[in-house]
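Trainee: I have a model open on my screen and would like to talk it through. Can we go feature by feature?

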Amino acid sequence: MMTTANTLTLSTLETRKLKRTGYVPAFLGGGLLAAMVPVLNMAVRREIYVSQSGSPFHILMDANWQLMAQLNIFLLVCGACILYHTEYADNGIQRAETLPMKASGLFLGKLCILFCSCLLPLCLETFSLLACCTRYFPKTPGLGAVMLKGMAFELALLLPTAAAMLFLSSLCRNMWMCLGTGVILVFLTSMLRSGNLVLAAVPFAAPYRMLHQFTAGQAGRLLLLSMGEVALFCIIEWIYTKLRRCFQ
């Protein structure tokens, strides 16, 4: 209970600090940009997709999600850099470690904020996909349930990427070094998206995956692997925090 309360308190403090940054406008602008991808694609190449058979949601995801997912990952990279830049810019990380709270709560609080921030672009993207489905395709029974399950799956796969990028941000005092490393990782791991299930769970590559590409068992294993990665990064961050305190 104490750990949960500390995490919530730190999350509140983080939210106040973010008011002085461009964090919210970045996620709003990035979400709007990603939401425009299927709209523009359908406006230009409508005949190609309307003539295909199958679920309209799956057709649109196959056509647009690779670019939309990449934009989401870039948002996570920028968001993580901003979250830790607020600490290192004014030596807030040293002051936070003097508070009567566990230092690991700082990482968990930031992870909670970054994960919740993903809801904004994903909601905009879901609305855009739904608008395209209802505008260009005939009525499909159960479309809403399929779409909610698919986008919830994508939200879960963003969490390992958020944890990995936050850990990287905690290592780098220079925001530009962290940002550059994150961008390089985005492009390197994008080549792993056609690999097997284990490679599909690699942070920065997992968000490219779509629910309809897997069986129910494979999707469950991928989610378990993703949650295990999140726990791993939390443990590594806890170890790093302890070592940092010892050598300060």
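Trainee: Where is the kink in helix 2 centred?

Mentor: First, this is a predicted model, where local features need pLDDT of at least 70, side-chain atom pairs count only at pLDDT 80 or more, and totals for chains, interfaces and linings use all residues. Residues are numbered from 1 along each chain as its sequence is written, and side-chain values use heavy atoms, with hydrogens and water left out. The bend at a residue is the angle between axes fitted to the seven residues ending there and the seven starting there. Helix 2 has a kink of about 85°, and the centre is Val44.

Trainee: How far apart are the end C-alpha atoms of helix 2?

Mentor: Helices here are DSSP runs (H or I, at least four residues), numbered from the N terminus. The expected span is 1.5 Å times one less than the number of residues. For the 28 residues of helix 2 (residues 23–50) that gives 40 Å, which agrees with the end-to-end value of 37 Å.

Trainee: Which residue forms a salt bridge with Arg46?

Mentor: The rule asks for a side-chain nitrogen of Lys or Arg within 4 Å of a carboxyl oxygen of Asp or Glu. By this rule the count is one salt bridge. Its closest N and O atoms are 4.0 Å apart, and the partner of Arg46 is Glu47.

Trainee: Is Glu47 buried or exposed?

Mentor: Buried means under 20% relative accessible area, exposed over 50%, and partly exposed in between (1.4 Å probe, protein chains only). Arg46, at 35%, is partly exposed. Glu47 has 53%, so Glu47 is exposed.

Trainee: Is Phe204 buried or exposed?

Mentor: Phe204 sits in the loop between helix 9 (197–200) and helix 10. Phe204 has a positive phi of about 80° although it is not a glycine. Its relative accessibility is 5%, so Phe204 counts as buried.

Trainee: Which residues make the nonpolar surface patch?

Mentor: Helix 10 (residues 216–247) holds one of them, Ile239, which is partly exposed at 41% relative accessible area. The patch covers about 400 Å² and is made by Ile235, Trp238, Ile239 and Leu243.

Trainee: Where is confidence highest in the protein?

Mentor: pLDDT is the predictor's confidence in each residue, from 0 to 100. The protein's mean is 84, and 83% of its residues reach 70 or more. Helix 4 (residues 92–97) is lowest at a mean of 56, while the highest, at 93, is helix 6 (residues 119–136).

Key
Patch = residues over 30% accessible without salt bridge, like charges linked within 9 Å, V, L, I, M, F, W, Y side chains within 5 Å. Areas by Shrake-Rupley, 256 points an atom, 1.4 Å probe, with all protein chains shown as cover. Helix = DSSP H or I, 4+ residues; strand = E, 2+ residues; numbered from the N terminus.
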